[in-house]
Amino acid sequence: MAIEVEGLDVALLRSEIQRTYADVSTQPDHEFIFPTGRAWALDLGYPEDLLARVPEASCESFAGVANPFSMGALQPGEDVLDVGSGAGMDSLVAAQMVGASGSVTGIDMTPEMVVKARGSVAEMGLGNVTIVEGSAEHLPFDDACFDVVISNHLLHHLDPAGLTSLLEDSARLANRLVVHNDIELSPAAGTVAVAGKPIDLTAQELRILNYFMHRHGRLISQNELIEHLYPFDEERDPNTIEVYIGRLRRKLGRDVIKTQRGMGYRLG
Ligand SMILES: C[S@@+](CC[C@H](N)C(=O)[O-])C[C@H]1O[C@@H](n2cnc3c(N)ncnc32)[C@H](O)[C@@H]1O
């Protein structure tokens, strides 16, 4: 059934997206309005050695917009969910990071992508990588539990309801959503650890850290943080932000949040 969102036919949009990615799968040499292929992945900073082992079929149909592993490598033994796994490049890079004791489950709605990804999994002889055909808006993993959820070039394809559903599912399914260097944040559990050692944060400190970790490397102004923390308050005191940043530095490490004088703060 088509769902109308402010005049947008979501079902039609979805079938157009599917058609485009079917082309990326079956006609990888075609010129698309977005960059594709192995050279593009190298430009994005994917580890060269890991990429070298991924079959060309997956790399030629890679159409991501970023390198999810730039936020930190996955750890051996982790169970990973790759939402929008396409022809499988991200899943197969992830599989090499988590090793035989970990696992990767990829999910994608485009059958042509699924076929290609499964072919590469077989070519690499990996028994711990599963590619599922399905929709990001209705993840079929009720009983599963993943350590990490990755996704590359998918979120902006979703309508608001689909995006909310995926984020809620991810928070429920993932133990560890975001990693920054040696800081581990588990949003669902509301816990933080630095190099494996649990750190006690107040609810407000946790909100600030969560905000930074989802905007890794980006400069965040004091005003943006105030808006985030006190969206409805008339009276906002910038000094409180200074106090929270000071406390986070004391708990997480002095250099974790850097100040850019007069501009704001940056994580990392
Ligand atoms: C840019 S590709 C992903 C790149 C991929 N991770 C790789 O390694 O090549 C985006 C993928 O998301 C899939 N996709 C888009 N919307 C989706 C949805 N609502 N549910 C499931 N898959 C979706 C597309 O079929 C496409 O294969």
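This is a short tour of a predicted model, starting at the ligand and ending in a loop. Local features need pLDDT of at least 70 and side-chain atom pairs count only at pLDDT 80 or more, while totals for chains, interfaces and linings use all residues. Residues are numbered from 1 along each chain as its sequence is written.

**The ligand.** Select the ligand and its shell of 23 residues, taking a residue as near if its C-beta atom, placed from the backbone, lies within 6 Å of the molecule. G84, G86, M89, T110 and H153 come nearest. Two elements, α1 (10–26) and α5 (89–98), give two or more residues to this shell; helices (H or I, at least four residues) and strands (E, at least two) are DSSP runs, numbered from the N terminus. Colour the shell by type and you get 11 nonpolar residues (Ala, Val, Leu, Ile, Met, Phe, Trp, Tyr, Cys and Pro), three charged (Asp, Glu, Lys and Arg) and nine polar (the others, Gly among them).

**Helix α5.** Now pick α5, which is largely enclosed by the rest of the structure because eight of its 10 residues are buried (20 or more other C-beta atoms within 10 Å of the residue's own; exposed means 12 or fewer, partly exposed in between, with C-beta atoms placed from the backbone). Among the buried ones are M89, D90 and V98. Just after the helix, G99 has a positive phi of about 70°.

**H153.** Next, go to the loop between β6 (148–151) and α7 (160–173) to find H153. Its phi is near 65°, positive although the residue is not glycine. With 17 other C-beta atoms within 10 Å, H153 is partly exposed.

**F34.** Finish in the loop between α1 and α2 (38–43), where F34 lies. F34 counts as exposed because it has 11 C-beta neighbours inside 10 Å. Draw a C-alpha to C-alpha distance to V65: 8.4 Å in space, for residues 31 apart in sequence.
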